[in-house]
Amino acid sequence: MAKVLVLAPSGFGKSTSIGQIPELGIKGLTPTETYLISVTSKPLPFKGSGTAYPITTKEDLQAGRRVITDDARAIEAILLALVGSPFKNIVWDDSNYVMQNWYMANALAKGWDAPKQIGFMMGKIFDAIEKLDAAGKNVFILAHGESIPGPDGRIYMKYKSTGKMVDEYLTIEGKVDVTLIGVSRYDATEKKAVKEFLTNENEQFSSAKSPIGMFEKQFIPNDLGLVVDKINEYYG
(Lines give C-alpha, C1' and ligand atoms only; values in the text may rest on other atoms or scores of the structure.)
Protein backbone atom coordinates (compact mmCIF):
# COMPACT_ATOMS: atom_id res chain seq x y z
CA MET A 1 0.00 0.00 0.00
CA ALA A 2 2.54 2.61 1.15
CA LYS A 3 6.16 2.83 2.20
CA VAL A 4 6.62 5.46 4.91
CA LEU A 5 9.93 6.79 6.24
CA VAL A 6 9.84 8.58 9.60
CA LEU A 7 12.93 10.67 10.37
CA ALA A 8 13.44 12.29 13.77
CA PRO A 9 16.07 12.70 16.50
CA SER A 10 16.46 10.24 19.36
CA GLY A 11 13.84 10.88 22.03
CA PHE A 12 11.36 12.53 19.66
CA GLY A 13 8.73 9.82 19.98
CA LYS A 14 9.06 7.67 16.86
CA SER A 15 8.35 4.45 18.76
CA THR A 16 5.69 6.24 20.81
CA SER A 17 3.76 6.91 17.59
CA ILE A 18 3.15 3.15 17.28
CA GLY A 19 1.25 2.81 20.56
CA GLN A 20 -2.40 3.34 21.46
CA ILE A 21 -2.07 6.12 24.05
CA PRO A 22 -5.43 7.81 24.69
CA GLU A 23 -4.04 10.15 27.36
CA LEU A 24 -1.85 11.71 24.65
CA GLY A 25 -4.54 11.54 21.99
CA ILE A 26 -2.55 8.97 19.99
CA LYS A 27 -4.70 6.41 18.18
CA GLY A 28 -1.69 4.32 17.24
CA LEU A 29 -1.58 1.14 15.20
CA THR A 30 -3.92 -1.78 15.83
CA PRO A 31 -1.73 -4.48 17.42
CA THR A 32 -3.55 -7.41 15.79
CA GLU A 33 -2.84 -5.84 12.38
CA THR A 34 0.76 -4.85 13.09
CA TYR A 35 4.12 -6.65 13.19
CA LEU A 36 7.25 -5.00 14.61
CA ILE A 37 10.88 -5.62 13.78
CA SER A 38 12.96 -3.89 16.44
CA VAL A 39 16.69 -3.51 15.89
CA THR A 40 17.31 -2.65 19.56
CA SER A 41 15.95 -4.41 22.62
CA LYS A 42 14.68 -1.31 24.43
CA PRO A 43 11.11 -1.63 25.74
CA LEU A 44 8.40 0.04 23.70
CA PRO A 45 7.48 3.35 25.38
CA PHE A 46 3.78 2.86 26.01
CA LYS A 47 1.66 1.04 28.58
CA GLY A 48 0.75 -2.55 27.80
CA SER A 49 3.29 -2.86 24.99
CA GLY A 50 4.41 -6.30 26.13
CA THR A 51 0.89 -7.66 25.75
CA ALA A 52 0.16 -5.74 22.57
CA TYR A 53 3.43 -6.84 20.93
CA PRO A 54 4.66 -10.10 22.48
CA ILE A 55 8.27 -10.84 21.58
CA THR A 56 9.14 -13.93 19.61
CA THR A 57 12.02 -15.13 17.41
CA LYS A 58 12.56 -15.21 13.67
CA GLU A 59 12.21 -19.00 13.82
CA ASP A 60 8.69 -18.76 15.25
CA LEU A 61 7.12 -15.59 13.88
CA GLN A 62 3.55 -16.69 14.53
CA ALA A 63 4.17 -16.93 18.28
CA GLY A 64 4.26 -13.13 18.71
CA ARG A 65 4.12 -9.75 17.01
CA ARG A 66 7.63 -8.44 17.63
CA VAL A 67 11.09 -9.71 16.74
CA ILE A 68 14.31 -8.12 17.97
CA THR A 69 17.30 -8.47 15.65
CA ASP A 70 19.97 -6.33 14.00
CA ASP A 71 20.89 -9.01 11.46
CA ALA A 72 20.19 -7.78 7.93
CA ARG A 73 19.67 -11.24 6.47
CA ALA A 74 17.26 -12.13 9.25
CA ILE A 75 15.31 -8.91 8.70
CA GLU A 76 15.10 -9.60 4.97
CA ALA A 77 13.83 -13.14 5.67
CA ILE A 78 11.25 -11.89 8.20
CA LEU A 79 9.94 -9.27 5.78
CA LEU A 80 9.58 -11.85 3.02
CA ALA A 81 7.81 -14.22 5.41
CA LEU A 82 5.31 -11.47 6.26
CA VAL A 83 4.32 -10.89 2.62
CA GLY A 84 1.64 -13.59 2.83
CA SER A 85 0.66 -12.86 6.43
CA PRO A 86 -2.59 -11.22 7.60
CA PHE A 87 -0.68 -8.26 9.06
CA LYS A 88 -1.48 -4.94 7.37
CA ASN A 89 1.26 -2.81 8.95
CA ILE A 90 4.93 -3.72 9.22
CA VAL A 91 7.17 -1.49 11.36
CA TRP A 92 10.97 -1.54 11.21
CA ASP A 93 12.07 0.42 14.27
CA ASP A 94 15.54 1.90 14.91
CA SER A 95 16.49 0.81 11.40
CA ASN A 96 19.76 2.81 11.26
CA TYR A 97 21.38 0.46 13.74
CA VAL A 98 21.42 -2.39 11.23
CA MET A 99 24.09 -0.49 9.34
CA GLN A 100 25.81 1.03 12.34
CA ASN A 101 26.11 -2.20 14.33
CA TRP A 102 27.38 -4.13 11.33
CA TYR A 103 29.91 -1.41 10.51
CA MET A 104 31.28 -1.30 14.06
CA ALA A 105 31.68 -5.08 14.07
CA ASN A 106 33.19 -5.42 10.59
CA ALA A 107 34.88 -2.18 9.50
CA LEU A 108 38.40 -3.25 10.41
CA ALA A 109 38.09 -6.64 8.75
CA LYS A 110 36.25 -5.46 5.62
CA GLY A 111 38.10 -2.19 5.07
CA TRP A 112 37.06 -0.19 2.01
CA ASP A 113 34.69 -2.98 0.97
CA ALA A 114 32.43 -2.32 4.00
CA PRO A 115 30.29 0.44 2.42
CA LYS A 116 29.55 -1.77 -0.59
CA GLN A 117 28.48 -4.62 1.65
CA ILE A 118 26.26 -2.31 3.70
CA GLY A 119 24.68 -0.98 0.52
CA PHE A 120 24.11 -4.54 -0.71
CA MET A 121 22.48 -5.82 2.48
CA MET A 122 20.27 -2.75 2.84
CA GLY A 123 19.32 -3.08 -0.81
CA LYS A 124 18.14 -6.65 -0.18
CA ILE A 125 15.98 -5.43 2.71
CA PHE A 126 14.37 -2.81 0.49
CA ASP A 127 13.76 -5.41 -2.20
CA ALA A 128 11.73 -7.29 0.42
CA ILE A 129 9.92 -4.07 1.38
CA GLU A 130 8.90 -3.64 -2.26
CA LYS A 131 7.27 -7.07 -2.14
CA LEU A 132 5.35 -6.10 1.00
CA ASP A 133 4.19 -2.93 -0.73
CA ALA A 134 3.02 -4.92 -3.75
CA ALA A 135 1.08 -7.22 -1.39
CA GLY A 136 -0.88 -4.23 -0.04
CA LYS A 137 1.00 -3.77 3.24
CA ASN A 138 2.00 -0.49 4.86
CA VAL A 139 5.68 -0.48 5.77
CA PHE A 140 6.94 2.05 8.30
CA ILE A 141 10.69 2.65 8.54
CA LEU A 142 11.54 4.54 11.72
CA ALA A 143 14.98 6.11 11.76
CA HIS A 144 17.26 8.84 13.01
CA GLY A 145 17.73 11.67 10.57
CA GLU A 146 20.80 13.69 9.68
CA SER A 147 20.39 17.38 8.90
CA ILE A 148 22.24 18.61 5.82
CA PRO A 149 22.23 22.34 4.94
CA GLY A 150 20.80 22.81 1.46
CA PRO A 151 21.78 25.37 -1.21
CA ASP A 152 18.43 27.15 -0.73
CA GLY A 153 19.06 27.71 2.98
CA ARG A 154 16.70 24.97 4.08
CA ILE A 155 17.59 21.72 5.84
CA TYR A 156 17.56 18.46 3.94
CA MET A 157 16.99 15.79 6.58
CA LYS A 158 18.25 12.47 5.26
CA TYR A 159 18.39 8.94 6.60
CA LYS A 160 21.47 8.73 8.84
CA SER A 161 23.85 6.13 7.44
CA THR A 162 27.44 5.20 8.25
CA GLY A 163 28.94 7.80 5.93
CA LYS A 164 29.24 9.34 2.48
CA MET A 165 30.56 6.16 0.88
CA VAL A 166 27.39 4.29 1.90
CA ASP A 167 25.27 7.17 0.59
CA GLU A 168 26.85 6.65 -2.84
CA TYR A 169 25.20 3.22 -3.00
CA LEU A 170 21.95 3.94 -1.18
CA THR A 171 19.38 6.76 -1.21
CA ILE A 172 16.65 5.56 1.11
CA GLU A 173 14.53 8.72 0.78
CA GLY A 174 14.04 7.82 -2.88
CA LYS A 175 12.71 4.35 -2.07
CA VAL A 176 9.63 5.48 -0.13
CA ASP A 177 6.30 7.11 -0.97
CA VAL A 178 6.06 9.26 2.16
CA THR A 179 8.78 10.91 4.27
CA LEU A 180 7.60 12.35 7.57
CA ILE A 181 9.95 14.54 9.59
CA GLY A 182 9.53 14.79 13.35
CA VAL A 183 9.43 18.39 14.57
CA SER A 184 9.20 19.46 18.22
CA ARG A 185 8.04 22.87 19.42
CA TYR A 186 7.08 24.37 22.76
CA ASP A 187 3.51 25.56 23.24
CA ALA A 188 3.80 28.48 25.66
CA THR A 189 0.04 28.63 26.14
CA GLU A 190 -0.30 24.97 27.07
CA LYS A 191 3.16 24.96 28.65
CA LYS A 192 4.17 21.69 27.07
CA ALA A 193 6.22 20.28 24.22
CA VAL A 194 4.28 19.46 21.07
CA LYS A 195 5.63 16.76 18.76
CA GLU A 196 4.36 16.61 15.20
CA PHE A 197 5.13 15.08 11.81
CA LEU A 198 5.82 17.41 8.91
CA THR A 199 4.07 15.91 5.87
CA ASN A 200 5.49 18.08 3.06
CA GLU A 201 8.39 20.43 2.54
CA ASN A 202 8.18 23.87 4.09
CA GLU A 203 10.39 26.90 4.68
CA GLN A 204 12.61 24.93 7.07
CA PHE A 205 12.82 21.37 5.70
CA SER A 206 13.05 20.35 2.05
CA SER A 207 12.90 16.54 2.29
CA ALA A 208 9.44 15.85 3.76
CA LYS A 209 7.12 14.49 1.09
CA SER A 210 3.75 12.83 0.53
CA PRO A 211 1.39 12.36 -2.43
CA ILE A 212 -0.63 15.46 -3.32
CA GLY A 213 -3.76 15.62 -1.19
CA MET A 214 -2.96 12.74 1.17
CA PHE A 215 -2.68 15.07 4.16
CA GLU A 216 -4.82 18.18 4.48
CA LYS A 217 -2.44 19.73 6.98
CA GLN A 218 1.27 20.35 6.80
CA PHE A 219 1.72 19.25 10.43
CA ILE A 220 -0.04 16.26 11.99
CA PRO A 221 0.30 14.57 15.42
CA ASN A 222 3.06 11.94 15.78
CA ASP A 223 0.49 9.18 15.41
CA LEU A 224 0.98 6.31 12.95
CA GLY A 225 -2.66 5.31 13.41
CA LEU A 226 -3.65 8.65 11.90
CA VAL A 227 -1.17 8.10 9.07
CA VAL A 228 -2.73 4.71 8.27
CA ASP A 229 -6.18 6.30 8.18
CA LYS A 230 -4.97 8.90 5.69
CA ILE A 231 -3.29 6.25 3.54
CA ASN A 232 -6.47 4.16 3.47
CA GLU A 233 -8.60 7.19 2.61
CA TYR A 234 -6.22 8.22 -0.17
CA TYR A 235 -5.81 4.87 -1.90
CA GLY A 236 -9.26 3.51 -1.06
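In this predicted model, the buried residues of helix α2 are A72, A74, I75, E76, I78 and L79. Helix α2 spans residues 72-81 and packs against helix α4, residues 114-134. L79 of α2 is also among the residues with the most contacts inside the largest nonpolar core.

**Start of α2**
- A side-chain oxygen of D71 comes within 3.1 Å of the backbone nitrogen of R73 at the start of α2.

**Packing of α2 on α4**
- The axes of α2 and α4 are 9 Å apart and form an angle of about 10°.
- Angles under 35 degrees count as roughly parallel, so α2 is roughly parallel to α4.
- On the α2 side, the residues that meet α4 are A72, I75, E76, L79 and L80.
- On the α4 side, the residues are M121, K124, I125, A128, I129, K131 and L132.
- By class, the contact of α2 with α4 has nine nonpolar residues, three charged residues and no polar ones.

**Nonpolar cores**
- In soluble globular proteins, nonpolar side chains tend to be buried together.
- The largest nonpolar core here has 41 residues.
- Helix α4 gives the largest share of this core, with nine residues.
- The residues with the most contacts inside this core are L79, W92, V98, M122, I125, I141 and Y159.
- Beyond its neighbours within four places in sequence, M122 is in contact with W92, V98, M99, Y159, L170 and I172.
- Another core, of 27 residues, lies apart from the largest one and includes L29, V91, F197 and L224.

Note on methods. Residues are numbered from 1 along each chain as its sequence is written. This is a predicted model: local features need pLDDT of at least 70, side-chain atom pairs count only at pLDDT 80 or more; totals for chains, interfaces and linings use all residues. Side-chain values use heavy atoms; hydrogens and water are left out. Axes are lines fitted to C-alpha atoms, for helices over the stretch in contact, and angles run from 0 to 180 degrees between N-to-C directions. Helices (H or I, at least four residues) and strands (E, at least two) are DSSP runs, numbered from the N terminus. Angles under 35 degrees count as roughly parallel, over 145 as roughly antiparallel, 65 to 115 as roughly perpendicular and the rest as oblique. Contact means heavy atoms within 4.5 Å. Ala, Val, Leu, Ile, Met, Phe, Trp, Tyr, Cys and Pro count as nonpolar, Asp, Glu, Lys and Arg as charged, and the others, Gly among them, as polar. A nonpolar core is a set of buried Ala, Val, Leu, Ile, Met, Phe, Trp, Tyr and Cys residues joined through side-chain atoms within 4.5 Å. Buried means under 20% relative accessible area, exposed over 50%, partly exposed in between (1.4 Å probe, protein chains only). A polar contact is a pair of N or O atoms within 3.5 Å; within protein, one must be able to donate a hydrogen and the other to accept it, and residues adjacent in sequence count only if both atoms are side-chain atoms.
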